[in-house]
Protein chains: 2
Amino acid sequence: MAAPGRRPRDRIVFSAAQLIRRDGVAATGLRDVVEHAGAPRGSLQHYFPGGKEQLVNEAVEWAGGYAGGRIAWFVAGMRRPSPGRLFAAMVQQWLDDFSANDFQAGCPVAAATVDCADGVESTRAAASAAFQAWRAPIADALRDMGVPARRAASTATLMLSALEGAILIARAEHDLRALQVVARELGPMLDGLVDPAS
Amino acid sequence: MAAPGRRPRDRIVFSAAQLIRRDGVAATGLRDVVEHAGAPRGSLQHYFPGGKEQLVNEAVEWAGGYAGGRIAWFVAGMRRPSPGRLFAAMVQQWLDDFSANDFQAGCPVAAATVDCADGVESTRAAASAAFQAWRAPIADALRDMGVPARRAASTATLMLSALEGAILIARAEHDLRALQVVARELGPMLDGLVDPAS
């Protein structure tokens, strides 16, 4: 994921996201976050008066915004954008990530959902918002590529679902195959959705 | 999920799976599991000398076996089995589950992966085995339905990925839509894989 900003507050949110995606929410301690961020312990109370819940929610929100922001960046880098190529780029980011960190860390939004969906309503809502922040730019990009408007949002949901599931499976298996497979299998199907008249 | 068996040991494993899929692994305490199972506290040490790690791993293993076992059951209930119908049945189980429990609990294998993939190697391996126990009967069923043998395993991975991701998104959103969408979008694509000569 992106390098953290310079501001201590941003560094703390970024560090929280990194530890959540490695160990889950429950096992991530505030002390570890502060240490990871290289921030003074007192800064937590200063920036996050709502405690761990606020920090977790902001980390999840940050992750959703980050993932959503990547979509336009992926599309901008393509000579001939297509749904399958966009999905391949989304998958490639995780292939690179897992290759670099040896499957150490998965998706923080998934972690927040698994650990908090039933117990912490504000975190469930943050995870929901993060998925939406990720899905909306995908749907926009699909429309621009010629996917019929009535299919764009649901196709974006399918892409996100397949990616999130493959992230889980690849991480459990310590093997990139699940990610490679979904890109290869789903890509042509996605490209088949483009209206030839578009 | 299935009703627990009568044996105390089975009940404990089942209860562990239920609590893990609700709260994640880290937040699931042994005391809660014993209470949920209606088992005497001493039985934990008796049946699970390896402690929480052993119990979590057995719960994950149980979940993989349970999910894998459902596949043949789904296919047996279809007049004209097809990949899309199998996927719809897998999704329907989660639609029913979420409708019955108000999104209270997700997939225990996903929870184990998120919480333990980096920290507890034996649990990561159990999650990997559970995904395999789930995927293998899907691939077998797909081959029986006429999906070319070289595509069966990867199509099974795509189906599992899309389902796992949609479970996460639906649970975060407290909305069945993601599950309904992946069934509707992916189903026809899956049916298109069947060799017409089969």
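By what turn and what shift along the axis can chain A be laid on chain B? A turn of 180° and a shift of 0.0 Å along the axis do the job, with an RMSD of 0.0 Å; the superposition is by least squares on the C-alpha atoms of residues with pLDDT of at least 70 in both copies. The two copies are therefore related as by a two-fold rotation axis. They also use the same surface, since 100% of the contact residues of chain A recur in chain B; here two residues are in contact if their C-beta atoms, placed from the backbone, lie within 7 Å.

All of this comes from a predicted model, in which local features need pLDDT of at least 70, side-chain atom pairs count only at pLDDT 80 or more, and totals for chains, interfaces and linings use all residues. Residues are numbered from 1 along each chain as its sequence is written, while chains are lettered from A and ligands numbered from 1 in the order in which they are written. Chain A averages a pLDDT (the predictor's confidence in each residue, from 0 to 100) of 95, and 97% of its residues score at least 70. For the complex, the predictor gives an ipTM of 0.96 and a pTM of 0.96.

Now to the contact between the chains. Chain A puts in 44 residues and chain B puts in 44 residues. On the side of chain A that touches chain B, the elements giving two or more residues are α1 (8-23), α6 (108-116), α7 (121-144), α8 (149-173) and α9 (177-191) of chain A. Helices are DSSP runs (H or I, at least four residues), numbered from the N terminus. The largest share of that side, 16 residues, comes from α8(A). By class, the side divides into 23 nonpolar, 11 polar and 10 charged residues; Ala, Val, Leu, Ile, Met, Phe, Trp, Tyr, Cys and Pro count as nonpolar, Asp, Glu, Lys and Arg as charged, and the others, Gly among them, as polar.

Within chain B, helix α1 (residues 8-23) packs on helix α6 (residues 108-116) at an angle of about 65°, with the axes 8 Å apart. Those axes are lines fitted to C-alpha atoms over the stretch in contact, and angles run from 0 to 180 degrees between N-to-C directions. From α1(B) come B:A17, B:I20 and B:R21, and they meet B:P108, B:A111 and B:A112 of α6(B). That makes five nonpolar, no polar and one charged residues.
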